[in-house]
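Biologist: I'm new to this one, so please walk me through its inside, slowly and in plain words. Take a close look at how that part is put together and tell me what you find.

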Amino acid sequence: MKRSQLWAGILSPLISLGGIGAAIMINRPWWRLTDNAISDLGKVGLPYNWVMNVPLFISAILAIYYAVGLFGEVKNTVFRLGIAVFIIGLAFLAGVAIFPEGTGPHYHVSWGFFLAGSLGFLIAGAGLWLEGMRKFGAFTALLFTAEVLLARWAFETFTGVAIAEFIGIFAMIIWHYSLMGTLLRAEFLGITD
């Protein structure tokens, strides 16, 4: 994996969260965590919708660049399948920025991001479990289960879906950084310039 790919993996979640955070601050007079969707911050016709959409797009491209490097480093078929599905989820994340709320494809790309991203990390975690990284595989299964249960609770409890969306986002980010740390500690990746 190239050093630039590693840096892309480190920075990608921070860029997307920064854009979402800035958009929340700009739209705080009307946007509520319990009543809205995150996508409401980037909807068509909203002034400054680019504050969220541009960072989401940049984040997705950086994450794909990182994941492609990771994919190339891994030989386990199940892990590679999981990373491939995760990359599809990241392509859907770019689609969320390209097709913001108020466009026809938005609903589908939004769900595509959450479903493919979550299933991708679950499959990749199973691949690591098969490689003998049992603790990380178990961690992945527990994280996925917690994500599903908490998201379901949020869907049933709140008017808006932002809390459920943040649960999914933070599950993917926690898994991503945990994977990075685990693989680097295990010297699984050879980083080049």
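Modeller: One term before we go in: a helix here is a DSSP run of H or I at least four residues long, and helices are numbered from the N terminus. Keep in mind as well that this is a predicted model.

Let's start with the packing. The largest nonpolar core has 45 residues, and the members that touch the most others are I38, L70, F79, I83, F121, W175 and L179. Helix 1 (3–26), helix 2 (50–73), helix 3 (77–98), helix 4, helix 5 (134–157) and helix 6 each put at least two residues into this core. Helix 6 gives the largest share of this core, with 10 residues.

L179 is a good place to stop. You'll find L179 in helix 6, which covers residues 162–185. Its relative accessible area is just 1%, so L179 is buried. Setting aside residues up to four places away in sequence, L179 touches L70, F79, L128 and F136. Take L128 from that set: L128 and L179 are 51 residues apart along the chain, yet 9.8 Å separates their C-alpha atoms.

There is another core too, lying apart from the largest one. This other core has 5 residues, including A154, I163, A164 and I167.

Now for the gaps. Rolling a probe the size of a water molecule over the atoms shows where empty space is left. For cavities of 30 Å³ or more, the count comes to 1. The largest cavity has a volume of about 410 Å³. Its lining takes in 28 residues, and S16, L90, L93, F113 and M172 are the closest to its centre. Helix 1, helix 2, helix 3, helix 4 and helix 6 each bring at least two residues to the lining of the largest cavity, and the largest share, 7 residues, comes from helix 6. By class, the lining of the largest cavity divides into 20 nonpolar, 7 polar and 1 charged.

The largest pocket is where to look next. About 430 Å³ of space lies in it. Of the 20 residues that line the largest pocket, W111, F114, A151, F155 and A164 are the closest to its centre. You may recognise A164, which was also among the residues of that other core. Helix 4, helix 5 and helix 6 each supply at least two residues of the lining of the largest pocket. Helix 4 has the largest share of that lining, 8 residues. The classes in the lining of the largest pocket come out as 12 nonpolar, 5 polar and 3 charged.

Since helix 4 matters for that lining, here's a check on its length. Helix 4 runs over residues 106–130, and its 25 residues should span 36 Å at 1.5 Å a residue; the end C-alpha atoms are 36 Å apart, so the two values agree. Just after helix 4 comes G132, with a positive phi of about 100 degrees.

The length of helix 2 can be checked in a similar way. Helix 2 has 24 residues and reaches 34 Å from first C-alpha to last, close to the 34 Å expected at 1.5 Å a residue. Its buried residues are V51, M52, N53, P55, L56, S59, A60, A63, Y66, A67, G69 and L70. These buried residues pack against helix 1, helix 3 and helix 6.

Two residues give you a feel for that packing. One is N53 in helix 2, which is buried because its relative accessible area is 9%. Leaving out residues up to four places away in sequence, N53 touches G42, V96, A97 and P100. The other is S12, found in helix 1. At 4% relative accessibility, S12 counts as buried too. Beyond its neighbours within four places in sequence, S12 is in contact with S59, L62 and A63. Of these, S59 and A63 are among the buried residues of helix 2.

Let's finish out at Y48, in the loop between helix 1 and helix 2. Its relative accessibility is 51%, so Y48 counts as exposed. Phi of Y48 is near 65 degrees, a positive value in a residue other than glycine.

Note on methods: Residues numbered from 1 in each chain as written. Predicted model: local features only at pLDDT ≥ 70, side-chain atom pairs only at ≥ 80, totals over all residues. Heavy atoms only, no water. Expected span 1.5 Å × (residues − 1). Buried < 20%, exposed > 50% of the residue type's maximum accessible area, 1.4 Å probe, protein only. Contact = heavy atoms within 4.5 Å. Core = buried A, V, L, I, M, F, W, Y, C linked by side-chain atoms within 4.5 Å. 1 Å grid on protein atoms, 1.4 Å probe; cavity = no way out; pocket = protein on both sides within 12 Å on 5 of 7 lines; lining within 4 Å. Points joined across faces, edges and corners; volume = space filled by probe spheres on them. Nonpolar A, V, L, I, M, F, W, Y, C, P; charged D, E, K, R; others polar.
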